[in-house]
Amino acid sequence: MAPARHKHVLRAAPAHPRRLLRFGLPAAAVFALASSAVAVTWPEEAPAQSSAAISMAAPKARTTPVPARVEPISRSAERVKLEPKPPEVVDQMFATTKLNVRSEPSDGSPLVDVLDWADKVDVSGKTQGAWAEIVVGDKGLWVHKAYLAEKKPRPEPKPKPEAQTTGSAPVTAGLSSAPCPTGSDMESGLTSNAVAVHRAVCAAFPQVTTYGGVRTGDGGDHGTGHAVDIMISDSSTGDQIAEWVRANASDLGVSEVIWSQRIWTVQRSSEGWRAMEDRGSTTANHYDHVHVSVY
């Protein structure tokens with residue numbers, strides 16, 4: 001009896017993808033068959049997560065506000081100019097004489113206006129040395145505080161100017177407005193009152209041949225065309241010119257006269273000539289010219 005042969009069970013090997021492709025099977029089916037032969041799924045195990053999903057943290061809600069984007073400031077851009085706050089009015093006072101009003105607390109600052117006798121003005125209460133601040137509109141201007149009073153002043157008799165002569169003509173003679181024979185170039189930039197002084201003095205004192213007018217860069221009346229210098233070295237003639245201008249100050253719009261280290265102003269006319277400090281030179285002390293400032 002022949003020994004029994006073992007029957008070998010032949011299991012079909014998984015089809016090779018390339019062979020399957022030769023029979024026209026789709027690529028997706030080929031990979032499905034190939035993967036089914038080796039893939040093992042454990043029923044108890046959760047599906048594996050990708051490494052990207054594990055490393056990605058859940059986004060957190062922002063609790064702080066997002067800062068607004070600020071544009072860079074350009075140095076060439078125009079800046080917003082803040083207007084100064086108008087001064088506060090705390091009281092009202094009266095001018096006791098014709099009173100010069102200036103933009104700054106200094107005799108050399110530009111003349112803005114002139115108060116008449118007994119004019120009532122608003123004051124801020126601010127003072128600086130001999131000056132007091134008054135309020136005109138929304139601006140702070142300055143006057144000499146010695147000529148402000150809380151009560152309206154009583155009228156005072158006006159002093160009569162002394163009669164002076166230039167040759168045979170009295171100083172109160174009619175004023176000439178004719179152009180000066182020496183030329184009108186120096187009148188360039190002068191105000192109308194300054195031109196009137198130049199022409200009237202030129203007609204009354206023909207011996208004067210040199211005048212000074214506008215000075216570029218001057219911070220006082222010469223810089224704004226409100227002053228004339230009458231160049232004269234002879235003290236006697238200088239005295240006559242200074243007194244003649246004082247006598248005709250109202251008609252010519254004169255505010256002050258300086259001559260021979262003395263000053264006379266309309267707002268302090270009752271005090272006459274007042275001495276000035278030594279400024280160190282003949283010209284600075286006004287020994288070689290009569291200075292006339294106008295409104």
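**Figure 1. A right-handed disulfide between Cys 180 and Cys 202 in the predicted model.** The torsion about the S-S bond of Cys 180 and Cys 202 is about 60°, so this disulfide is right-handed. The bond ties together distant parts of the chain, with Cys 180 placed in the loop between strand 9 (169-170) and helix 4 (192-204) and Cys 202 in helix 4, 22 residues apart. In this predicted model, the sulfur atoms of Cys 180 and Cys 202 lie 1.9 Å apart, and a search of the whole structure returns one disulfide. Both Cys 180 and Cys 202 are buried.

**Figure 2. An open sheet of six strands with antiparallel pairing.** The strands of this open sheet follow the order 10-11-15-12-13-14. Strand 10 (211-212) and strand 14 (274-275) stand at the edges and have a single partner strand each, so that one side of each is left without a neighbour in the sheet. Within the sheet, strand 12 (residues 254-259) and strand 15 (residues 289-294) run antiparallel and are joined by four bridges, and Glu 256 stands opposite Ser 293 in strand 15.

**Figure 3. Helix 4 and helix 6 against the sheet.** Helix 4 lies across strand 10, strand 11 (227-231), strand 12 and strand 15, and its direction runs at about 145° to strand 15. Helix 6 (residues 235-247) also packs on the sheet, where it touches strand 11, strand 12, strand 13 (262-265) and strand 15, and the direction of helix 6 makes about 165° with that of strand 12.

**Figure 4. The crossing of helix 4 and helix 6 is right-handed.** The axes of helix 4 and helix 6 come within 11 Å and cross at roughly 130°, which makes helix 4 oblique to helix 6. At this crossing, Ala 200, Val 201 and Ala 204 in helix 4 meet Ile 241, Trp 244 and Val 245 in helix 6.

**Figure 5. Strand 5 and its antiparallel partners, strand 4 and strand 6.** Five of the six residues of strand 5 (residues 131-136) are buried, and strand 5 is therefore largely enclosed by the rest of the structure. Four bridges join strand 5 to strand 4 (residues 120-128), which runs antiparallel to it, and Gln 128 stands opposite Trp 131 in strand 5. Strand 4 and strand 5 form a hairpin with two residues between them, and Gly 129 in the turn has a positive phi of about 65°. Strand 5 is also joined to strand 6 (residues 139-144) by six bridges, again in an antiparallel arrangement, with Glu 133 opposite Trp 142 in strand 6. Two residues separate strand 5 from strand 6 in the hairpin that they form, and Gly 137 in that turn has a positive phi of about 70°.

**Figure 6. The surroundings of Gly 253, in the loop between helix 7 (249-252) and strand 12.** Gly 253 has a relative accessible area of 11%, and because residues under 20% count as buried, Gly 253 is buried. Leaving aside neighbours within four places in sequence, Gly 253 is in contact with Asn 193, Val 294 and Tyr 295. Of these contacts, Val 294 is 41 residues from Gly 253 in sequence, while the two residues are 5.5 Å apart in space, C-alpha to C-alpha.

Definitions and conventions:
Residues are numbered from 1 along each chain as its sequence is written. This is a predicted model: local features need pLDDT of at least 70, side-chain atom pairs count only at pLDDT 80 or more; totals for chains, interfaces and linings use all residues. Side-chain values use heavy atoms; hydrogens and water are left out. A disulfide is a pair of cysteine sulfur atoms within 2.5 Å. Buried means under 20% relative accessible area, exposed over 50%, partly exposed in between (1.4 Å probe, protein chains only). Two strands pair if DSSP finds at least two bridges between them. Contact means heavy atoms within 4.5 Å. Axes are lines fitted to C-alpha atoms, for helices over the stretch in contact, and angles run from 0 to 180 degrees between N-to-C directions. Angles under 35 degrees count as roughly parallel, over 145 as roughly antiparallel, 65 to 115 as roughly perpendicular and the rest as oblique. A crossing is left-handed if the near helix is turned anticlockwise from the far one by less than a right angle, and right-handed if clockwise.
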